[in-house]
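Q: I'm new to this one, so could you take me through a close look at a single part of it? I'd like to see how a pair of packed helices fits together.

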Amino acid sequence: MLTTPAHYRSGRPGLPLVCAALIALNLLVFVFYQSGDEKRWQKAEDYYFSSELPLLEEQRFLIYVNERHPEWRSQLDAQGQDFVYRELMANREFHRWLLPQLQAEGEAEWLGARREFATLRDRLSSFALGLVPSDPGISPWLAHMFLHGSWDHLIGNMIFLLLFGLSVELALGHLRFLALYLFGGLAAAGLHLVADAGSPMPMVGASGAVSAVMGACVAIYGLARLHALGRSGSLLGKFSAPALLILPLWLAKELFGYFYGDAGVAYWAHAGGLLAGFVLALLMLYRRPQAGATEAAADPSTI
């Protein structure tokens, strides 16, 4: 864990309770709410394939691809029906494209079955509370920050929140840290909405907020050197680097991922969170009185 520079402290730093509470909340949401997604999806899938929808919609989907996404034809040829049915069930854009046609054609039975399926599907956590650029709603702006797509996604975010969040909270205080986490996450979501405007795919995850905490760490420590000591002591050696190095390295990783990595990752949200956290932390520190000159020397920082 990073130690807090003395000139950023104000009184007794206390325990990083907000960081611990955020980690606990993310874990609880995943275990007790999102764990039910498998059953929710199974129920929606069973309804879909027990109805007439697969037979009715396959040809309509091919028309939809020709009209809206001709670039999908290579995936369609390679994956066949797996691709077709995955999109038929999960693609909200297809749903919105299809409904007006069914209404105009008077296909009441088909329309009712499609709406019933969509109701079942939208009970999944990512559909119910994920942030959708084409229809962001209100509650998903906050709720999406506490949802995750998998255990790997959750654990990765919580490790980074633990590594950087404890010391950032000690530096800023409980309320400022909570404000930075939430506003940083909102700024990250806002940039994602701009970069991926019109997309029907929901975004979930605390990555934007955690990136804001990392950006705040850079703002607080600046050129102070962070030290990492290997588990085997001198065998692995000691690594030391300025905290400011986090910013270009993180942004480079995100840009590489954006151009060459997984297209399903909200890279712009990560970058937006990092920059928002950096700026917010600077503003908070600028408006906060520093400790006396006797505490001006920064403590050694460790990670």
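**A close look at one helix pair**

A: Start with the whole chain: its accessible surface is about 15,900 Å², and 63% of that belongs to carbon and sulfur atoms (areas come from the Shrake-Rupley method with a 1.4 Å probe, and for residues only the protein chains shown count as cover). Keep in mind that this is a predicted model, where local features need pLDDT of at least 70, side-chain atom pairs count only at pLDDT 80 or more, and totals for chains, interfaces and linings use all residues. Residues are numbered from 1 along each chain as its sequence is written, and side-chain values use heavy atoms, with hydrogens and water left out.

The protein chain has 14 helices and three strands (DSSP runs numbered from the N terminus: H or I of at least four residues for helices, E of at least two for strands).

Now the pair. Helix 2 (residues 37-50) packs against helix 7 (residues 108-121) at about 165°, the axes being 8 Å apart (axes are lines fitted to C-alpha atoms over the stretch in contact, and angles run from 0 to 180 degrees between N-to-C directions). That makes helix 2 roughly antiparallel to helix 7, a label for angles over 145 degrees.

Who touches whom? From helix 2 come Arg40, Trp41, Lys43, Ala44, Tyr47 and Tyr48, and they meet Ala113, Arg114, Glu116, Phe117, Leu120 and Arg121 of helix 7 (contact means heavy atoms within 4.5 Å). Sorted by class, the contact of helix 2 with helix 7 holds seven nonpolar, no polar and five charged residues (Ala, Val, Leu, Ile, Met, Phe, Trp, Tyr, Cys and Pro count as nonpolar, Asp, Glu, Lys and Arg as charged, and the others, Gly among them, as polar).

Methods. Angles under 35 degrees count as roughly parallel, over 145 as roughly antiparallel, 65 to 115 as roughly perpendicular and the rest as oblique.
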